[in-house]
Amino acid sequence: MQSYNQLVEKIDEKGIFLYLKREDLLHPEISGNKFRKLKYNLIEAKSEGVDTLLTFGGAFSNHIAAVAAAGKKYGFRTIGIIRGDELIDKIDENPTLLFARENGMKFVFVTREIFRQKDSLEFIEKLRLEYGNFYLLPEGGTNNLAVKGCEEILTNEDEDFTYVCCAVGTGGTIAGIINSLRENQKAIGFPSLKGTFLSDDIRSFAKNNNWELISDYHFGGYGKVSEELIVFLNEFYRKTGIPLDPVYTGKMMFGIYDLIKKGYFKEGSKILAIHTGGLQGCKGMNLFLKKKHLPTLNYI
C-alpha cells in the first residue's frame, strides 16, 4: 500500500488548509514511522547475514509490535526485552504483547532498573552471550538507518506545504523529515514525553535548523491522556473517518487545532500533518480507560 495526503479541513476565515499524510496505511501491521524506521535496518541485517532481531520496549510499544510483525514477514527471529518483570504472567491481558507473541517474538521480561541499562555495552554483551548473534535495534527504533528511512516520508508532491507537523517520541521520525524539508518549509514537532532532552537527540541526526518543538500537548507525559483528548479524538473520527492513536498522532492533531485557534499559523498556510500509525495501541488504551471509568475510543 501507499500513503497519501488527505484533506482534513479548510479553515476559511484564516485561509488555512490542513492535510494528513496517511502513513498509517503503508502496512496493516508494520505501519507509519515504524515501517520507515525498519526498512533500511532490515536490509542491513540481511546483508550482515544475521537472522535475529533484538530490541527493547514497554508493555504497549508500537515498536515491539512492528518488529515482531516484520520478523515474521521477512524471516527473522525476534527477541523483545520488555520493561517490567510483573508483565510475565499478563501477556494474555495485553493486546500488544499478545500480538507480538503470536508473531513469534520471544520475550525477556526485566525489572525497570535493569531495563535502564539497555544502552550499556556490558548489558548488550551479556545478551549476546545468552542469545547469540543478533541485529540490535534500539528502543523506539531510532538510529541512522531509521532516520534515512524517515527521510522518504516527504516527496516532491509535498513541496507546497508551509509547515510539516509530526508527533515526537525518540526523535528519529522528525529528524528524517527535517532532513527532507525545502528551504521554504518548517517542521513542528509535538513531543509525547515531558522533558527538554529531545532537542539534543534530534540535533544529533538533523541537518537543518528550520524546525521547532512545541511541548504544550503531551497531556502529562508518555501514555497519559485526558477525557478532553479522548472526546477530541472521537469527534475527529466522526467528522473525518480517520482514526488517530492517543499517544502520538492524536496529541499532535489536538495541538495543531489549538495552535490554529491561537493564530500560530500564518494566514494562507498549508499544513501537512504526518499520521505515524500506532493504532495497535488503541486496544490497550481502551482497557486502561475502562478501568479509570473514562470515555473510550469508539472506533476500535
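**Exercise 1. Overall build**

How many helices and how many strands are there in the protein? Establish also whether its dimensions agree with those of a compact globule.

*Solution.* The model is a predicted one. Its secondary structure consists of eleven helices and ten strands. For the dimensions, begin with the chain length: a compact globule of 300 residues would have a radius of gyration near 19 Å. The protein has 19 Å, which agrees with that expectation. Along the principal axes, the C-alpha atoms fill a box of roughly 60 × 45 × 35 Å.

**Exercise 2. Burial, contacts and charge**

Describe the cover of the residues, the range of the contacts and the placing of the charges.

*Solution.* First, 54% of the 300 residues count as buried. The accessible surface is about 14100 Å², and carbon and sulfur atoms account for 48% of this area. Next, take the contacts between residues at least 6 apart in sequence: 72% of them join residues at least 24 apart. Finally, there are 39 positive and 38 negative charges, and the mean positions of the two sets lie 2 Å apart.

**Exercise 3. Helix H2**

Compare the span of helix H2 (residues 62–74) with expectation, and determine which elements its buried residues pack against.

*Solution.* At 1.5 Å a residue, the 13 residues of H2 should span 18 Å. The end C-alpha atoms are 18 Å apart, so the span agrees. Turning to cover, ten of the 13 residues are buried, with under 20% relative accessible area. Among them are Asn62, His63, Ile64 and Gly71. The buried residues pack against helices H1 (32–47) and H3 (95–102), and against strands E3 (52–57) and E4 (77–83).

How values were computed: Residues numbered from 1 in each chain as written. Predicted model: local features only at pLDDT ≥ 70, side-chain atom pairs only at ≥ 80, totals over all residues. Heavy atoms only, no water. Helix = DSSP H or I, 4+ residues; strand = E, 2+ residues; numbered from the N terminus. Rg over C-alpha atoms; globule rule 2.2 N^0.38 Å. Buried < 20%, exposed > 50% of the residue type's maximum accessible area, 1.4 Å probe, protein only. Contact = heavy atoms within 4.5 Å. Areas by Shrake-Rupley, 256 points an atom, 1.4 Å probe, with all protein chains shown as cover. Lys, Arg positive; Asp, Glu negative; His and termini not counted. Charge placed at Lys NZ, Arg CZ, Asp CG, Glu CD. Expected span 1.5 Å × (residues − 1).
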